[in-house]
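User: I am learning how the words used to describe a protein structure are justified. Could you take me through some of them, setting each value against its definition?

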Amino acid sequence: MQGTSSLFITDPLNELNPKKDTTIVWMQEVYEMGGQILQCEMKDLIYKDQQTFANCVEIQDPNQHPQISEKVDDIKPLKDIDYIFMRKDPPVDEDYMNALHLLSQAESEGANVINRPTALKKFNEKIFALQFSNWMPDTSVICKEEDFTLFKNKYSTIILKPLDGMGGESIYKFDESSTDHIEIFKSLTNHYQTMVMVQNFLPEIYAGDYRILIIHGKPFPIALARIPQGGSFKGNLAAGGIGEARELSDDQLKVSLEIGKVLMDEGILFAGIDMIGNYLTEINITSPTGAREILAQTGKNPIKTLLQSI
């Protein structure tokens, strides 16, 4: 990265948590490798005069976060920046999609965007996993009450989650004693209009929800097992789970390599798949996390591996 420029499209800088945010690790690694660090938000993307630009700031030293030293920079054509990293967290809403449309335009002008905007537009992170349904728990994508009732009657415990959530938000577990499940389903589907996902509950979650980072089509050899705490069934760190770095199992390696081939074909150089036991639950391609915790616990840096690969 010596002598190169990297633009990070992120949430506002003051919202990035240096204790857990992979984007900050990423910036720090670019800094250590002698690269220039630029940052902007989606609202800073502009198309004019037949090309795509960004109003960005230059980060002088990312190790000073959260008081990152910034220098206001001139508007820059995206094609003149060596690497553009799309690291905006979900939701994948209208604003996010419009930003991807502009990044696709910039790509046609010669910009190098990671992950590829067309792939981010193409795949919903939860539905993308259905391409590998042989590795998944029993899963249905539905919005009608009768389909929900049929699925719930198949299992003693099920999971209900939205298709556009992150960090464990709006995920529900229902067992045979649940009495509010229909009302919650009705609410989450916007009165039976919006698709949601239901799956049979995997008790293996209590041993950890594994985040496996896929870098240039290959799994990083250490995963982050996110372990639920305090009686919760959610392992997400944002939901209170505790992360523990662990080596991949044989099945995790097999699944990762299979998925990695598809990711590379689609231009997705950095992703994070989630596995509970031997079951795949999600493929994260927007802004995967977990690198900070792996680095802190093992001294091994997934982001350094990523930057070396590109």
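Analyst: Let us start with one residue, valine 141, which is partly exposed, with a relative accessible area of 30%. Before going on, please keep in mind that this is a predicted model, in which local features need pLDDT of at least 70 and side-chain atom pairs count only at pLDDT 80 or more, while totals for chains, interfaces and linings use all residues. Residues are numbered from 1 along each chain as its sequence is written, and side-chain values use heavy atoms, with hydrogens and water left out.

User: Why is valine 141 called partly exposed?

Analyst: Buried means under 20% relative accessible area and exposed means over 50%, with partly exposed in between (1.4 Å probe, protein chains only). Valine 141 has 30%, so it counts as partly exposed. This residue lies in strand β10 (residues 139-142), where strands (E, at least two residues) and helices (H or I, at least four) are DSSP runs numbered from the N terminus.

User: What makes glutamine 252 buried or exposed?

Analyst: Its relative accessible area is 3%, which is under the 20% limit, so glutamine 252 is buried. Glutamine 252 is found in helix α7 (residues 250-266). Leaving aside neighbours within four places in sequence, glutamine 252 is in contact (heavy atoms within 4.5 Å) with Tyr210, Ile212, Glu247, Met275 and Gly277.

User: How do you know that lysine 88 and aspartate 11 form a salt bridge?

Analyst: A salt bridge is a side-chain nitrogen of Lys or Arg within 4 Å of a carboxyl oxygen of Asp or Glu. For lysine 88 and aspartate 11 the N to O distance is 2.9 Å, so the pair meets that definition. Lysine 88 lies in the loop between β8 (83-86) and α2, and aspartate 11 in the loop between β1 (5-9) and α1 (22-32), so the salt bridge ties together parts that are 77 residues apart in sequence. Both lysine 88 and aspartate 11 are buried.

User: What makes lysine 43 exposed?

Analyst: With a relative accessible area of 65%, lysine 43 passes the limit of 50% and therefore counts as exposed. Lysine 43 also forms a salt bridge with glutamate 41, the closest N and O atoms being 3.9 Å apart, and the structure holds 11 salt bridges.

User: Why do β3 and β4 count as paired strands?

Analyst: Two strands pair if DSSP finds at least two bridges between them. Four bridges join β3 to β4, so these antiparallel strands qualify. Strand β4 (residues 51-54) and β7 are also antiparallel and pair over two bridges, with phenylalanine 53 standing opposite proline 77 in β7. Together they give an open sheet of three strands in the order β3-β4-β7, whose edge strands, β3 (45-48) and β7 (76-77), each pair on one side only.

User: What makes a group of residues a nonpolar core, and which residues have the most contacts inside the largest one?

Analyst: A nonpolar core is a set of buried Ala, Val, Leu, Ile, Met, Phe, Trp, Tyr and Cys residues joined through side-chain atoms within 4.5 Å. The largest has 43 residues, and those with the most contacts inside it are Leu7, Leu78, Leu280 and Ile283. Its largest share, five residues, comes from helix α2 (residues 94-108). Apart from this core lies another, of 25 residues, among them Phe8, Ile37, Tyr83 and Ile114. In soluble globular proteins, nonpolar side chains tend to be buried together.
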